[in-house]
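Let us go through the empty spaces in this model, one question at a time.

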Amino acid sequence: MESGEGGSKTDLQLPRIQRDLLRDIRALGKTVITIVFSGRAPVLTDIAENSDAVIEAWFPGTEGAHAIADIMFGHVNPSGRIAMTFPLATGQVPIYYNAFNTGRPERTSQHTNRFTSRYVDCPTDPLYPFGFGLSYHECSYDNLRLSDDVLAADGNITASIDIENMSDIEGDEIVQLYIRDVAGSVVRPTKELKGFERVHLGPKEKRSVSFLISESMLRFYRQDMSFGSEPGEFIVMIGRNSDDVMSCEFELRR
């Protein structure tokens, strides 16, 4: 009854009685894995603080218990990534990865910190960013590179990155490509997901992953409401989620 039709809430935390129960269980000093069933992205800040692991199960259906058990007992190495941003606090909502830039971004503004785009009582970062997810293996990302730093309107460039499975466990890594249009005739998002690759890696395996970037990927509805791209500077970002990325730049020319 916490979500769905007629389930609107002003506080996105789990019910207090559930949070109190979790704290009491945590006080016993046992390993705690919390499975969250929900239809929205709840505030899980105190849940994460009192858990060794969190599984967001959504509403998994009749076979959900088998799938969750397979993950918990290590029969399956999970590779799922969240398709929405999980807030640190309810007051951050709306919060999403492809937001517009502000006049005084907290991370890059040279203005005094008191008057940047920030909260006085909470960080601006989410608890879990778009595209976040954990697996039993862990990968490192390195050597982001472009085949060219200039993209012609009728051509392509390739963005590549090296990923390496640092563990003794095989698994699927979800490599994500984001692009930012630095300036446009209308305000542009700070980043947009433009592609992803599911890459299976054996223990200690290293592989190069490439994305083809074309002019058509850079189009948007411009100030005159025509759909197309605009020449200028773009930032390519590749990583394991929308926050944890490496970046480099290229220029679109006509």
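Q: How do the residues lining the largest cavity divide into nonpolar, polar and charged?
A: The lining has 4 nonpolar, no polar and 5 charged residues. Ala, Val, Leu, Ile, Met, Phe, Trp, Tyr, Cys and Pro count as nonpolar, Asp, Glu, Lys and Arg as charged, and the others, Gly among them, as polar. This is a predicted model: local features need pLDDT of at least 70, side-chain atom pairs pLDDT 80 or more, while totals for chains, interfaces and linings use all residues. Residues are numbered from 1 along each chain, and side-chain values use heavy atoms, without hydrogens and water.

Q: What makes a space a cavity and not a pocket?
A: On a 1 Å grid over the protein atoms alone, a 1.4 Å probe fits in a cavity but cannot get out; a pocket is an open set with protein on both sides within 12 Å along at least five of seven lines. The structure holds 1 cavity of 30 Å³ or more. The volume of the largest cavity is about 40 Å³, counted as the space filled by probe spheres set on grid points joined across faces, edges and corners.

Q: Which residues line the largest cavity?
A: Lining residues have an atom within 4 Å of a point. Here they are I179, R180, D181, R188, E192, K194, M217, L218 and F234.

Q: How much space lies in the largest pocket?
A: About 1,000 Å³. Of its 31 lining residues, A99, F100, R107, T124 and T190 are the closest to the centre.
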